[in-house]
Amino acid sequence: MYKTDDRKAREKLAPDISKALDRLLRKRVQCIGDALPHLVVKTIAAKADDLMVSALENLYDLLFATEQALAVVVKRQRLERVPDLVTKISSWKGVKPNRTIGEIDDASRDEAAELYMQLLRALEGWKTYELNAIVKLLPISSLQGSHGLPTLVRKVPGSTRRVIPAVIALFLTVPNELALVVDNREGSDAMAEFIRQYGHPPFYVNSKVEFKGRKYKVRGGELVPVISRPPPVPPSMMSRPQSSLPTFWQPAKAPTLSFPPVADSV
């Protein structure tokens, strides 16, 4: 008798992947075009590059289960359909596109886990040059530096075949620029050990960055300080009329002046 795996999809994932998906699912819904606004400009500007066009076709086939990359067409026709491919890829919102910010349920977790594993298996079957080409469209960054303020470097840390599929699958499941950042602050040796143990790199979305008591976050491909906002004013204070003076306020009394008597002149 063969044993069947009756676990739900989310129960099959490594804990860090489940944690990353949970955090991303609670954020505002974004399409790829929102998460990476440079994609359209960069891709169309480089559309004459055969490698870039092939990467676009492969990404489109991965998301929409088509066979654009296998279609036999001349180069001119491939270039003509680039804008359409970019537009459709940019509109991809991943799992649960109608979800509410801050809310998540088990059904959403299962659906996200299933899509992640599906994308991961497909990407693991790609050739190395195809994985390197997809990173030109969906750039992976590495958070580096254990001393002082970390830096964000546009590069794939560690093994291409162990890092790119996991990171790209996470991003395509829930598009957000945070999903494309690998936390490499502990160094390459520590990350290699992490990958050997868990099968994926450490995701930045599961961590936080603080330096000298100040928090930082990734935005627009850069590490920027978090600006703390003042606490909101209670509605009762906002609606209170300000035209009248407080009851405890009393006008100041005018000082009493006294002069010495003037002597009568003789």
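Buried residues make up 39% of the 266 residues in this protein. The model on screen is a predicted one. With the whole chain shown as a cartoon, look for 11 helices and six strands. Now switch to a surface view: the protein exposes about 16,800 Å², and 54% of that area comes from carbon and sulfur atoms. For contacts between residues with a separation of 6 or more, 72% join residues 24 or more positions apart.

**Stop 1: the sheet**

Select residues 209-211, 214-219 and 222-225, which are strands β4, β5 and β6. In what order do the strands of this open sheet lie? The order is β4-β5-β6, and the pairing is antiparallel. The strands β4 and β6 are at the edges with a single partner strand each, so one side of each has no neighbour in the sheet. From one strand to the next, the twist averages 40°.

Look first at the pairing of β4 with β5, which is antiparallel and has three bridges. Show Glu210 and find Lys215 in β5 opposite it. These two strands form a hairpin with two residues between them. Select Lys212 in the turn, where phi is positive at about 55°.

Move on to β5 and β6, which run antiparallel and are joined by four bridges. Show Tyr216 and its bridge partner in β6, Pro225. Then show Val218, which stands opposite Leu223 in β6. This hairpin also has two residues between its strands. Gly220 in this hairpin has a positive phi near 60°.

While side chains are shown, one general point may help in reading the view. In a regular strand, side chains alternate between the two faces of the sheet.

**Stop 2: a buried arginine**

Select Arg185, in the loop between β3 (181-183) and α10. Is Arg185 buried or exposed? Its relative accessible area is 17%, so Arg185 counts as buried, the cut-off being under 20%. To see what surrounds Arg185, leave out residues up to four places away in sequence and show the others that Arg185 touches. They are Leu143, Gln144, Gly145, Ser146, Pro150, Ser207, Lys208 and Val209.

**Stop 3: the aromatic pairs**

Show the rings of Phe, Tyr and Trp. How many aromatic pairs does the structure hold? There are three. Select Tyr60 and Phe64: their ring centres are 4.8 Å apart and their planes are at 40°, so this pair is tilted. Both residues belong to helix α4 (residues 50-64), where they are four residues apart, about one turn of the helix. Tyr60 has 8% relative accessibility and therefore counts as buried. Phe64, at 31% relative accessibility, counts as partly exposed.

The pair of Phe194 and Tyr198 is tilted, with 4.7 Å from centre to centre and 45° between the planes. These residues are in helix α10 (residues 188-198). Because Phe194 and Tyr198 are four residues apart there, about one helical turn separates them. Phe194 counts as buried at 19% relative accessibility, whereas Tyr198 is partly exposed at 39%.

Now go back to Tyr60 and Phe64 and add Trp92 to the selection. Together, Tyr60, Phe64 and Trp92 form one aromatic cluster.

**Stop 4: from Tyr198 to Pro15**

Keep Tyr198 selected and add Pro15, which is in helix α1 (residues 15-25). Draw a line from C-alpha to C-alpha: the distance is 9.0 Å, although Pro15 and Tyr198 are 183 residues apart in sequence. Pro15 has a relative accessible area of 61% and is exposed.

**Stop 5: two packed helices**

Finish with residues 106-124 and 160-173, which are helices α7 and α9. At what angle do α7 and α9 pack? The angle is about 140°, and the axes are 8 Å apart. The crossing of α7 and α9 is right-handed.

To view the contact between them, show side chains on both helices. On the α7 side, select Ala112, Leu115, Tyr116, Leu119, Leu120, Leu123 and Glu124. These meet Arg161, Pro165, Ala166, Ile168, Ala169, Leu170, Leu172 and Thr173 in α9.

How values were computed
Residues numbered from 1 in each chain as written. Predicted model: local features only at pLDDT ≥ 70, side-chain atom pairs only at ≥ 80, totals over all residues. Heavy atoms only, no water. Pairing = 2+ DSSP bridges. Buried < 20%, exposed > 50% of the residue type's maximum accessible area, 1.4 Å probe, protein only. Contact = heavy atoms within 4.5 Å. Areas by Shrake-Rupley, 256 points an atom, 1.4 Å probe, with all protein chains shown as cover. Phe/Tyr/Trp six-rings, centres within 6.5 Å; stacked < 30°, edge-to-face > 60°. Axes fitted to C-alpha atoms, helices over the stretch in contact; angles between N-to-C directions. Left-handed = near helix turned anticlockwise from the far one by under 90°.
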